[in-house]
Amino acid sequence: MSNIIDLKLVELVDKIKKKELSSTEVTIAFIERSKKSKKLNAYISENYENAIKKAKIFDQKPDFKKKLPGIPIAVKDLFCTKNIRTTAGSKILENFVPTYESTVTQNILDEGGIIIGKLNCDEFAMGSSNETSYFGNVQNPVSENLVPGGSSGGSSSALAAKLTPATIGTDTGGSIRQPASFTGTVGLKPTYGSCSRYGIVAFASSLDQAGPMTHDVKDCSLMLEIISNYDTKDSTSVEFKRENYLNNLNDNIKGKKIGIPKEYRVDGMPKEIDELWEKGIKIIRENGGQIVEISLPNTNYALPTYYIVAPAEASSNLSRYDGVKYGFRSKGENLIDMYEKTRSEGFGDEVKRRIMIGTYVLSSGYYDAYYLKAQKVRRLIKNDFDEAYKKVDAILTPSTPSSAFKIGEKLNDPVSMYLNDIFTVPINLAGLPAISIPAGHDKKGYPLGLQVIGKAFDEQSILNIAFALEKNISFKNNITDWWIK
Amino acid sequence: MSKNNGEYLIIRNDNKYEVIIGLEVHAQVLSKSKLFSTSSTKFGSEPNTQVSLVDAAFPGMLPVINEHCIKQAVKTGIGLKANINKRSIFDRKNYFYADLPQGYQISQYKNPIVGEGSIILDMPNGEKNIGIERLHLEQDAGKSIHDIDPQNTLVDLNRSGVALMEIVSKPDLRSLDEVNAYIKKLRSIMRYLGTCDGNMQEGSLRADVNVSVRKKGDKKLGTRCEIKNVNSIKFMQMAIDFEANRQVDVIEEGGFIDQETRLFDTKKNETRSMRSKEDAHDYRYFPDPDLLPLELNDNYIDQIKKDIPELPDEKKKRFIEKFKLSPYEANILVSDIEISKYFEEVSKNSDVKLATNWITGELFALLNEKNIEITESPISSKNLSELINLIKDGTISGKIAKSVFEIMKDGDKDPISIVEEKGLKQQSDPKELENLINKVITENPKNVEAYKSGKDKLFGFFVGQVMKNSNGKANPKLVNEILKKKLS
């Protein structure tokens, strides 16, 4: 039998159901590997002892009807977890232990999942390299000193390094898909309103979505099935028929019309990204899919629009971290002084930068020129997709304009960092579902991803297309366990 | 100051100034739970016992609209004869304060749930229409307490997230009396609708007062000042009076009014500058992305319209037509829904005229004296109705009725039993009365002689003597009749 940690999520579930493996064995296997992998710095908080206890309890009275029967899972530290510290990667929540459970993690628990730890991420999910975390950089298991992407960098690193069989991240502008692309894993951002935001530390409420990160498309379908539900505790949650994504998974894409947006051929895009895209197009054609050239004319405005809308919402969402009720508090001469010291010391530079941008674009005299204008452009971007979907079933693009970069390489150049999200951001603005799957390597041997964008609430179609691509690409991640040896 | 013809003018150096007043009333929505959470809104509980994770703004917590509060706002809008906006938007009003856990208040800014409406005031010289600009829903903040701990400010979040309706009037009010009438009428409408209990002591009704002055005859409005958070009609009037006079003084000295926010100091009876327009907060309003725009359909609004009870203006009209009451009487009886209910219960089974007089006379005096509401009246509507019937059918006189009423005050006793127990039944037997009268005539021969020689005024003396001898029980009408005959 192969190593437990090398098994895919669906295989683990199968083996536990067949009693070939116990939850305890599986849980211990991932925990042992996690313990050996501290160098990756993927975890912020570990829940090992408790998880093993839970696994033993599961094994005493196993319920094999569950979709995640005693499966250990580490999650991004943006999900509030009852009695497990939740930091959002920030000093200001360094010692915050929620008394409540986010809906998404509750769904995992309800299906028999066991939380083994909380994974590192950019502070308040603001970043594309996991370098803004108060708890330090995360290593990409692909190569030493390479960023794992962000903001769900701890998640992508832990998944690629097999510290957890699957994980969940959140995606506001690409925070699931870009790290998935950087680590050779699968990441899906569901349609806005699919997964409840209840109990997720908010970054930009109108863009935030939780989603699965897995080794392959099958695992991704299973995870999506588990975490997606209608939730009355989130007013933006949408009631629609959620499929049995895994059961319905199907690689037949005959007759499917796949759009190729010309605006995504950006200047200075590396040749290998272009070749990767062509490879995807070729596979679609070979499998009976139809390639349609489309135009998304407002693509160029997506990034500036995003960097107005997201900071605006963030500046308001982060006001609650004021030292009054919970979290870090610095001593002050008076209330204002306490606020200033608490927030100056409690937040990192990137968070402060975005709070300032957000505060600026909402201020009187600037609101119309920035925030209101951005909302109008956002509507245009959505209209672009609506128009395109009159002609196509889904859209294929690269996930990122480049492969993973070195730690520190872009830290002092925020604009270059922001450009990383150029292919992912428009999808959040339009509220659509999109999946990134590993599709090849660049010259350096770093993974590259392709993105399939779907119609709203049509996650099944993009899973199917991704499934077909995956079969034909047969990607292999060359991870050498360098951090253990 | 002059109040001639109901006008409220400030006179300085022969200049007459008109005072322009607009009110922003914050009325607490009558609701068991808060606007966006399920916490209780009960008044007077231990600090921080009615606080949910949403109210305390814990990470990842999201607001969910309490449908009941929406219904209450729509009801109030209908009561104010206002447009109900089928699409309204909740915005975030951003500012930092210790008792504002989210760092923003969820309110409605550009798209309120209720648009323009009006309120009719009954002033001594006729009706006056006051325009309503808008009504919107918003969250209340918590309470900062500065005087318990000498070193620290304490925060109570029980009120945090409680639903408020902010009802903004147009600058149509012109006097302290109108302010009084406006608040009372607004309160009355909301109590009829059951949308706000109007309890000012518990802070269910507070107002920000906008005041400006202009020379009488000027068309242009003067610069206004806003006096924040005044919590009684008396304080509103004191604050307006002080502020209007202050503004006139400034203008008379050649100065200009700065648009600013002021506070009313109830102890010193003065308003003080809190912040100028330049220092005004930039609240950075924007639509709350956690809440979708609120969409109401016609069916929903029509359904609520069907459940709207008869409101004071309509009730007044009906009372005048059906019961032939004077507008003055009708006004008093409809001013409060509980009074009108009491009146209708009493008048259902007894004489309307007597019911009106007894309620507005004896009963109101009693309520005033005890400082209680009509719902706490020691005399039930049923017993008052019986008392009135005893007067009407001649069982007791009006005077005896007053002493029966005195007994009823102490523990709602039924007047029929009181009359029987105390033997207060009116003496109406002509023979018995004749005996009493004969006795008085025999005992007062000199007065009889004087009366017969033209001293008509002495008639009252004889009546009085007869009543006295009967312990007040003699039927005064019959005594009059018999006496007239005997003395002629």
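**Exercise 1. In this predicted model, find which residue of S3(A) stands opposite Pro72(A), then work out how the sheet around that pair is built.**

Step 1. Start at Pro72(A): its opposite number in S3(A) is Ile114(A).

Step 2. Now look at the two strands. S2(A) and strand S3 (residues 114-119) of chain A run in the parallel sense, paired over five bridges.

Step 3. Zoom out to the sheet. It's an open one of three strands in chain A, ordered S1-S3-S2, with mixed pairing. Strand S1 (43-46) and strand S2 (72-76) of chain A each have a single partner strand, so they sit at the edges and one side of each lacks a neighbour in the sheet. On average, neighbouring strands here are turned by 35° against each other, ignoring direction.

Step 4. Add the helix. Helix H2 (residues 23-36) of chain A packs on this sheet and touches S1, S2 and S3 of chain A. The direction of H2 makes about 20° with that of S3(A).

**Exercise 2. Explore the largest nonpolar core: which residues touch the most other members?**

Step 1. This core holds 138 residues, and the ones touching the most other members are Ile73(A), Ile227(A), Ile435(A), Val452(A) and Ala466(A).

Step 2. Ask who supplies the core. Helix H9 (residues 302-317) of chain A gives the largest share, with eight residues.

Step 3. Pick Ala466(A) and skip its neighbours within four places in sequence. You're left with contacts to Val217(A), Ile435(A), Ile437(A) and Val452(A).

Step 4. Head over to a second, separate core. This one has 72 residues, including Ile10(B), Leu23(B), Ala73(B) and Ile183(B).

Step 5. For some background: in soluble globular proteins, nonpolar side chains tend to be buried together.

**Exercise 3. Split chain B into its domains, then describe how domain 2 of chain B meets domain 3 of chain B and how chain B meets chain A.**

Step 1. Mark out the pieces of chain B: domain 1 covers 4-304, domain 2 covers 310-421 and domain 3 covers 430-487.

Step 2. Take domains 2 and 3 of chain B. Their centres, taken over C-alpha atoms, are 33 Å apart. Four residues of domain 2 of chain B are in contact with four of domain 3 of chain B. On the domain 2 side, that's one nonpolar, two polar and one charged residue.

Step 3. Finish with the two chains. Here 24 residues of chain B are in contact with 33 residues of chain A. Sort the chain B side by class and you get 16 nonpolar, four polar and four charged residues.

Notes. Residues numbered from 1 in each chain as written. Chains lettered and ligands numbered in written order. Predicted model: local features only at pLDDT ≥ 70, side-chain atom pairs only at ≥ 80, totals over all residues. Domains from an automatic or database assignment. Contact = placed C-beta atoms within 7 Å. Nonpolar A, V, L, I, M, F, W, Y, C, P; charged D, E, K, R; others polar. Pairing = 2+ DSSP bridges. Helix = DSSP H or I, 4+ residues; strand = E, 2+ residues; numbered from the N terminus. Axes fitted to C-alpha atoms, helices over the stretch in contact; angles between N-to-C directions. Core = buried A, V, L, I, M, F, W, Y, C linked by C-beta atoms within 7 Å. Buried ≥ 20, exposed ≤ 12 C-beta atoms within 10 Å, placed from the backbone.
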